[in-house]
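User: Hi! I have a structure to look at and would like to go through some questions about it together. Could you help me read it?

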Amino acid sequence: MKVILAGYPKTGTKTMRQAFIYLGLSNYDFPENCQFLRKDWMKILTKGGTTEDFRRMYENVDTVTDMPGFYFWEEIHEAFPDAKIILTKRANEEEWCRSFKSQMAKGDGIFHKFLVYLSPTGYLFSVFVKKLAFVVFGTYGTDPLFGKNKFSDVILKGKYRRHNAHVLQCAPSDKLLVYDLEEGWGPLCAFLGYPVPDKPFPHKNRGASITEEWMTKHPYFLQMQKEMLISGGTLLSALVLFCLYRLFKRSPPPPQQSLASLISRPQAARAAKYLLSYIY
């Protein structure tokens, strides 16, 4: 681990991830932490973790961005004391809160709701995110099945404010960069000791677009959708078979036919003639 981004989500975390990648540094962002380290994080969130846990989790990763890593920057830094720490912030907490809620609204659609129930991976992801959200944000909102999720601004702003203050107070000054993305490559590369790349500084997640990007490109979320299609198809097939069974069960049985109705008139006449000749 070389760099820990300690900034809250919606402070340029996706832009920083791309910048690190441009510098040739590997990165674990939110999806990678869910995909590869979910069990480790669930243990940390429910039972606790050790410095050795964090060292094992990130020993082969250069940088970590977004949650849950940003919130546990101190524990990760204890495992990697030579790592540098970068704090990104919004202009003020009101701006951050609006941006955060705008991002969360991208998951309010019915598609995302059903994804949780029809995908085993999606269900485990949901359990992890809810557990993590209460730690990181202090709330998971109202979380309705239908409609918009609502959050407490008071709780969100308080967590954001206290986290930033803690980083500024406790991070080693010689290892900390308070970074404004508007400054571009210069301060970042100087702090990390890397040459400035021959490409523009990135700008990711415009208009909270990362949710759509993940759903269409990231293997973790594509797996969820595949599982949802399989589960949905299986449930639909079972429903169709059940409806057909009920329909067949309710249909009246065919009317009973007498033997005479099954025999044509010429056949009946010949049979009667034969019977009479036998009797007389």
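User: Which class, nonpolar, polar or charged, has seven residues in the lining of the second largest pocket?

Analyst: Happy to help, and keep in mind that this is a predicted model. The lining of the second largest pocket includes four nonpolar residues and two polar ones. The class with seven residues is charged.

User: Which elements give two or more residues to the lining of that second largest pocket?

Analyst: This pocket holds about 210 Å³ of space. It is lined by 13 residues, and the closest to its centre are Arg-17, Ile-210, Glu-213, Trp-214 and His-218. The elements that give two or more residues to the lining are α1 (13–22), α2 (30–46) and α10 (210–217).

User: How do α2 and α3 run, roughly parallel or roughly antiparallel?

Analyst: Two packed helices are described by the angle between their axes and the distance between those axes. For α2 and helix α3 (residues 51–58), the angle is about 175° and the axes lie 11 Å apart. Angles over 145 degrees count as roughly antiparallel. Therefore α2 and α3 are roughly antiparallel.

User: Which residues of α11 make the contact with α7?

Analyst: Helix α7 (residues 120–136) and helix α11 (residues 219–250) have axes that come within 7 Å and cross at roughly 125°, so the two are oblique to each other. On the α7 side, the contact is made by Pro-120, Thr-121, Gly-122 and Phe-125. On the α11 side, the residues are Tyr-220, Phe-221, Gln-223, Met-224 and Glu-227.

How values were computed: Residues numbered from 1 in each chain as written. Predicted model: local features only at pLDDT ≥ 70, side-chain atom pairs only at ≥ 80, totals over all residues. Heavy atoms only, no water. 1 Å grid on protein atoms, 1.4 Å probe; cavity = no way out; pocket = protein on both sides within 12 Å on 5 of 7 lines; lining within 4 Å. Points joined across faces, edges and corners; volume = space filled by probe spheres on them. Helix = DSSP H or I, 4+ residues; strand = E, 2+ residues; numbered from the N terminus. Nonpolar A, V, L, I, M, F, W, Y, C, P; charged D, E, K, R; others polar. Axes fitted to C-alpha atoms, helices over the stretch in contact; angles between N-to-C directions. Parallel < 35°, antiparallel > 145°, perpendicular 65-115°, else oblique. Contact = heavy atoms within 4.5 Å.
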